[in-house]
Amino acid sequence: MSGASTRLNLIQADRTSSVFTEMKLQLLQTGRWRELQSAGVQSCDLYLGERNRLPFNKLAAAASARSRTLLVNYYRGSDVICRKCDMLRTLRRFGLDTKQWFPKSFILIPTHRMRPREDERGLLQAFLLSQQSLFIVKPTGASKGEGMFISSDYDEICHFVDNQTTSCLVQKYLVNPLLLPTGGGRKFDIRVWVVVDSHFTPFLYKQGVVRTCSTRYESERVDSLTAHLSNHHLQRLHSDSFGQFEPNNEIFFPEFAQVLHQLRLQLDDVLDQMKDVVSSCVASIRDRCPPRATPTSSPSRCWGSTSC
């Protein structure tokens, strides 16, 4: 970019994200960065925005005019891996063997928006007839754990999907997950951050966070959201035990490594598997969201969390 003595400029357009806020604070504390208002795009070196509202054309023009790299927190076209149903389509299209890390999944579309060639409820019904399984239904446009539904009944699943406004990812539920030993056995997920450069080389940040559930996991209690879904927003809203076992229902990798050691597991083995998943996912989008012919480079949080 520029010499060590030159201060760099950042814009945080998405102020609802705690991740981007923390990133901004960490950079400002180095003394090498300063914050600009959104109107200062022409002088910006790092732009942190909401994925669906990034002004790519304006950012590309600004980078080109200055003949320098401008960092953006999402690749243009990243919906192909960041939205649930689109992610499944992308992985299938790329021909990845995902059996070891991506549960059996189907795409269902509400009947009022039906696109018969894309809807897979017939395949889901055949699968359920061959083996009774629990499925989790995830509306493709939902976030923060909202709109999730767990059932093994085909008619219930279809009824739920038909009352949604978007297509849904219907995914075989992992009924025997690895559990944290405290609190009687609780679910968790692992959130890591990945930077992808303009050559589609992924870099995994050395630290990550384990987000925990507040309630003991029991597979048959499908109505207990706080036992099944570790999303912070959902846990804060619905659990009286939020923060009881861990501050803010989260632990970081050094402490998580100790927990895994108690279970005779190694953090490095878990991270090696996650790196393989990240590399596969980044490879699958390379031809679907290529960088434009500008000096713009795009860090992207391509893989938000992996459930365990």
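Ser230 touches Phe188, Asp189, Arg211, Thr212, Cys213 and Gln235, leaving aside residues up to four places away in sequence. This is a predicted model. The points below cover Ser230, the cysteines and a nonpolar surface patch that includes Leu178.

**Ser230 and its surroundings**
- Ser230 lies in the loop between α7 (225–228) and α8 (232–238).
- Its relative accessibility is 8%, so Ser230 counts as buried, because the cut-off for buried is under 20%.
- The side chain of Ser230 makes a polar contact of 2.8 Å with the side chain of Asp189.
- Asp189 is also among the residues that Ser230 touches.

**Cysteines**
- The whole structure was searched for disulfides, and zero were found.
- Cys44 has 0% relative accessibility and therefore counts as buried.
- Cys213 has 0% relative accessibility, so Cys213 counts as buried.
- Cys213 is one of the residues in contact with Ser230.

**Nonpolar surface patch**
- Leu178, Leu263 and Leu265 make a nonpolar patch on the surface.
- The patch covers about 200 Å².
- Leu178 sits in the loop between β8 (168–172) and β9 (188–191).
- With a relative accessible area of 33%, Leu178 is partly exposed, because that class lies between under 20% for buried and over 50% for exposed.
- Leu178 can join a patch because patch residues need over 30% relative accessible area, and Leu178 has 33%.

How values were computed
Residues are numbered from 1 along each chain as its sequence is written. This is a predicted model: local features need pLDDT of at least 70, side-chain atom pairs count only at pLDDT 80 or more; totals for chains, interfaces and linings use all residues. Side-chain values use heavy atoms; hydrogens and water are left out. A disulfide is a pair of cysteine sulfur atoms within 2.5 Å. Buried means under 20% relative accessible area, exposed over 50%, partly exposed in between (1.4 Å probe, protein chains only). Patches are made of residues with over 30% relative accessible area and no salt bridge: like charges are joined within 9 Å, nonpolar side chains (Val, Leu, Ile, Met, Phe, Trp, Tyr) within 5 Å. Accessible areas come from the Shrake-Rupley method with a 1.4 Å probe; for residues, only the protein chains shown count as cover. A salt bridge is a side-chain nitrogen of Lys or Arg within 4 Å of a carboxyl oxygen of Asp or Glu. Helices (H or I, at least four residues) and strands (E, at least two) are DSSP runs, numbered from the N terminus. A polar contact is a pair of N or O atoms within 3.5 Å; within protein, one must be able to donate a hydrogen and the other to accept it, and residues adjacent in sequence count only if both atoms are side-chain atoms. Contact means heavy atoms within 4.5 Å.
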